[in-house]
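Thank you all for making time this morning. I would like to walk you through one chain, beginning at a single residue and working outwards from there.

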Amino acid sequence: FFFLMIRRPPRSTQSRSSAASDVYKRQVHGMREKDPSKLATGDNIIGNVLIDPSAQVHKDALIGPDVTIGPGVVIEEGVRIKHACVLKEATIKANTWICDSIIGWQSKIGRWVRIEGITVCAQDVSVKDELFLNGCSVLPHKVVSASIREKGTIVM
């Protein structure tokens, strides 16, 4: 359901970004009321953030608001993630920026990568160092070795 809301928002003038954010906020708001102990806290955490206990987040990574980090995820130093979801066993290398996006299972995002604009990386996607992904969809088991600036691009 969450992925469907991102790719096809309601028919109002609401953007995909705010539609996805609204879905996430409704889910986390309920958690804040029912069991706030599940939300992450710390000097490097901003707002509503869910981090699986098995994830490894470097103390110099800045996470939030509105972020979910799944089991077995590795996030290196200098990473900035906001309004995003990083799924099981993904690796985010140093100094990467991720905003308004979904990083799929077992994906590997290189160093100094910028991902934004409702980019969706499916399972086992590899993004090389120093690239820019803007509003694209990357299908499973693909390697991205060049920047994608045009929104709506599908990497097949």
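**A threonine in a loop, and what surrounds it**

Let me start with T119, which sits in the loop between β12 (114-116) and β13 (120-121). Please keep in mind throughout that what you are looking at is a predicted model. Is T119 buried or exposed? With a relative accessible area of 0%, T119 is buried, and its side chain makes polar approaches to backbone atoms: the side chain reaches the backbone nitrogen of G135 at 2.9 Å, and a polar atom of that side chain lies 3.4 Å from the backbone nitrogen of C136. If we set aside the neighbours within four places in sequence, the residues in contact with T119 are D100, S101, I102, L133, N134, G135 and C136.

One of those contacts, N134, deserves a closer look. N134 belongs to strand β15 (residues 132-134), and it counts as buried because its relative accessible area is 12%, which falls under the 20% limit. Between N134 and I115 there are 6.1 Å in space, C-alpha to C-alpha, although the two are 19 residues apart in sequence. Again leaving aside neighbours within four places in sequence, N134 is in contact with E116, G117 and T119, and also with I148, R149, E150 and K151.

E116 brings us to the salt bridges, so how many does the chain have by the rule used here? The count comes to three. In one of them the side chains of E116 and R114 meet at 2.7 Å, N to O, and R114 is partly exposed at 37% relative accessibility. In another, K93 pairs with E76, the closest N and O atoms being 3.6 Å apart. That pair links distant parts of the chain, since K93 lies in the loop between β8 (91-92) and β9 (97-99), whereas E76 lies in the loop between β5 (74-75) and β6 (80-82), 17 residues apart. K93 is partly exposed, with a relative accessible area of 27%, and E76 also counts as partly exposed, at 21%. There is also the salt bridge between K59 and D60, where the closest N and O atoms are 3.6 Å apart; here K59 is exposed, with a relative accessible area of 65%, while D60 is partly exposed at 44%.

Turning to the interior, the largest nonpolar core has 31 residues, and those that touch the most other members are I63, I75, I81 and I103. The elements giving two or more residues to this core are β4 (67-69) and β7 (84-86). For I75, leaving aside neighbours within four places in sequence, the contacts are Q56, V57, H58, A61, I63, I69, I81 and I92.

At the surface, L139, I154 and M156 form a nonpolar patch with about 320 Å² of accessible area together. Of these, L139 is found in the loop between β16 (137-138) and β17 (143-144), and L139 is partly exposed, with a relative accessible area of 34%.

Let me finish with the chain as a whole. It contains two helices and 18 strands, and buried residues make up 43% of its 156 residues. Its accessible surface comes to about 8,300 Å², with 53% of that belonging to carbon and sulfur atoms. Finally, among contacts between residues at least 6 apart in sequence, 7% join residues at least 24 apart.

How values were computed
Residues numbered from 1 in each chain as written. Predicted model: local features only at pLDDT ≥ 70, side-chain atom pairs only at ≥ 80, totals over all residues. Heavy atoms only, no water. Helix = DSSP H or I, 4+ residues; strand = E, 2+ residues; numbered from the N terminus. Buried < 20%, exposed > 50% of the residue type's maximum accessible area, 1.4 Å probe, protein only. Contact = heavy atoms within 4.5 Å. Areas by Shrake-Rupley, 256 points an atom, 1.4 Å probe, with all protein chains shown as cover. Patch = residues over 30% accessible without salt bridge, like charges linked within 9 Å, V, L, I, M, F, W, Y side chains within 5 Å. Salt bridge = Lys/Arg side-chain N within 4 Å of Asp/Glu carboxyl O. Polar contact = N/O pair within 3.5 Å; in protein donor to acceptor, adjacent residues only side chain to side chain. Core = buried A, V, L, I, M, F, W, Y, C linked by side-chain atoms within 4.5 Å.
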